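Thank you all for making time this morning. I would like to walk through one structure with you, going from the whole chain down to a few single residues.

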Amino acid sequence: MTSKTLTLSVRPRGKPLHKLPEDLSLSSTSTSSDLYTQLASSSGTSIHRLRITKGSDGSLIPNTSSLPISDTGLRDGSSIYVKDLGPQISWRLVFVLEYLGPLLIHPFLYVLLSNPPSFLQTLSCTLITLHFLKRELETLFLHRFSSATMPLFNLFKNSAHYWLLAGLNIAFWTYRSSAPAAGDSNPWITWPSVALYTIGELGNLNTHFVLRSLRSAGGNERGIPHGFGFGLVTCPNYMFETLAWIGICGVTWSFASVLFAAVAVAQMGVWAQKREVRYRREFGGKYQKKRSVMLPGLW
């Protein structure tokens, strides 16, 4: 393929970037990641803060080394818009920090408030601590993220969800001496709840291994997932997460647990619907459409 030099007109979107050039020249054989690299270098901005869209239709130009500029629809003289996304933070770091809250809060309030702890309170603390310890380990060693960073503001929003709702809220109402969990355990409720929790956690872990296998280390490619649960719903990881939290609710006997579970399920349902739409758009006839995105027959 003959290389040609393309000159693009660069326009700011929103607050202008310092030193953003008015024009940018690059080879037609360059990739979209080269475009991001040149603009980041010339403007003195982190590459992760940039969002580049085409002036013709406003569509996003992704930052990937697998997309040649010639395939983006950009031509010599085309216009692009560059937006500063603001301060960014690593996805992995956000996950580690948000899960750290419940992981620290539950053992602390368990020791502080439970005197002496009941069997259900000890079991509740164990299950919830193991749940968030699993999440931390998955974040550090299992998950592969398609994007390197997210807006810094998300750290505070996500942390409030986990530190307050899953941490302080559930712990306070579970480990007090007057909490329902301070009473006697009903084995007809407790052990089926533990079974649901176990199935949910193991199923969720298996789904994450499947999703990990679809993406190379450092890559952002996507694939169609197959395996246990994927024949039922779009996102079995969310289905199993829901089962695990139903199990926790059955052990804690706390409306605080129900509140967190309800908020989490509602959010996961939104994500699952978006995932189904994306699968249908990206893979077309290769993808088997799902009637349920998260809960079979329900959602």
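How many helices and how many strands does the secondary structure of the protein chain come to? What you have in front of you is a predicted model, and in it the protein chain comes to 7 helices and 6 strands. If you follow the sequence from its start, the pattern reads β-β-α-β-β-β-α-α-β-α-α-α-α.

Let me stay with the whole chain for a moment. Along the principal axes, the C-alpha atoms fill a box of roughly 75 × 45 × 30 Å. Of the 299 residues in the chain, 45% are buried, and the accessible surface comes to about 15600 Å², with 62% of it belonging to carbon and sulfur atoms. Counting contacts between residues at least 6 apart in sequence, 75% join residues that are at least 24 apart. As for charge, there are 28 positive and 16 negative side chains, and the centres of these two sets lie 4 Å apart.

Now to the sheet. In general, strands of a sheet pair through backbone hydrogen bonds, and they can do so in a parallel or an antiparallel way. Here we have an open sheet of 4 strands, in the order 2-1-4-3, and its pairing is mixed. Strand 2, residues 23–27, and strand 3, residues 50–54, stand at the edges with a single partner strand each, which is why one side of each has no neighbour in the sheet. From one strand to the next, the twist averages 35 degrees.

Going through the pairs, strand 1 and strand 2 are antiparallel and share 5 bridges; within that pairing, threonine 7 has serine 25 of strand 2 as its bridge partner. Strand 1 is also joined to strand 4 by 5 bridges, and these two strands run parallel, with arginine 11 standing opposite tyrosine 81 in strand 4. Strand 3 and strand 4, the latter being residues 79–84, are antiparallel and are again joined by 5 bridges, and there arginine 51 stands opposite lysine 83 in strand 4.

Helix 1, residues 32–43, packs on this sheet and touches strand 1, strand 2, strand 3 and strand 4, while its direction makes about 125 degrees with that of strand 3. Serine 43 lies in this helix. Is serine 43 buried or exposed? With a relative accessible area of 3%, serine 43 counts as buried, because the cut-off for that term is under 20%. Leaving aside residues up to four places away in sequence, serine 43 touches His18, Lys19 and Leu20, and its C-alpha atom is separated by 5.9 Å from that of histidine 18, although the two residues are 25 apart along the chain.

I will finish with two details of the backbone. Most residues other than glycine have a negative phi, and most peptide bonds are trans. Against that background, the peptide bond from asparagine 115 to proline 116 is cis, with omega near -10 degrees, and proline 116 is found in the loop between helix 2, residues 91–113, and helix 3, residues 119–141. The other detail is tryptophan 253, where phi is positive, near 50 degrees, in a residue other than glycine. Tryptophan 253 has its place in the loop between helix 6, residues 236–252, and helix 7, residues 255–283, and with a relative accessible area of 45% this tryptophan is partly exposed.

Notes
Residues are numbered from 1 along each chain as its sequence is written. This is a predicted model: local features need pLDDT of at least 70, side-chain atom pairs count only at pLDDT 80 or more; totals for chains, interfaces and linings use all residues. Side-chain values use heavy atoms; hydrogens and water are left out. Buried means under 20% relative accessible area, exposed over 50%, partly exposed in between (1.4 Å probe, protein chains only). Contact means heavy atoms within 4.5 Å. Accessible areas come from the Shrake-Rupley method with a 1.4 Å probe; for residues, only the protein chains shown count as cover. Lys and Arg count as positive and Asp and Glu as negative; His and the chain ends are not counted. The place of a charge is taken as NZ of Lys, CZ of Arg, CG of Asp or CD of Glu. Two strands pair if DSSP finds at least two bridges between them. Axes are lines fitted to C-alpha atoms, for helices over the stretch in contact, and angles run from 0 to 180 degrees between N-to-C directions.
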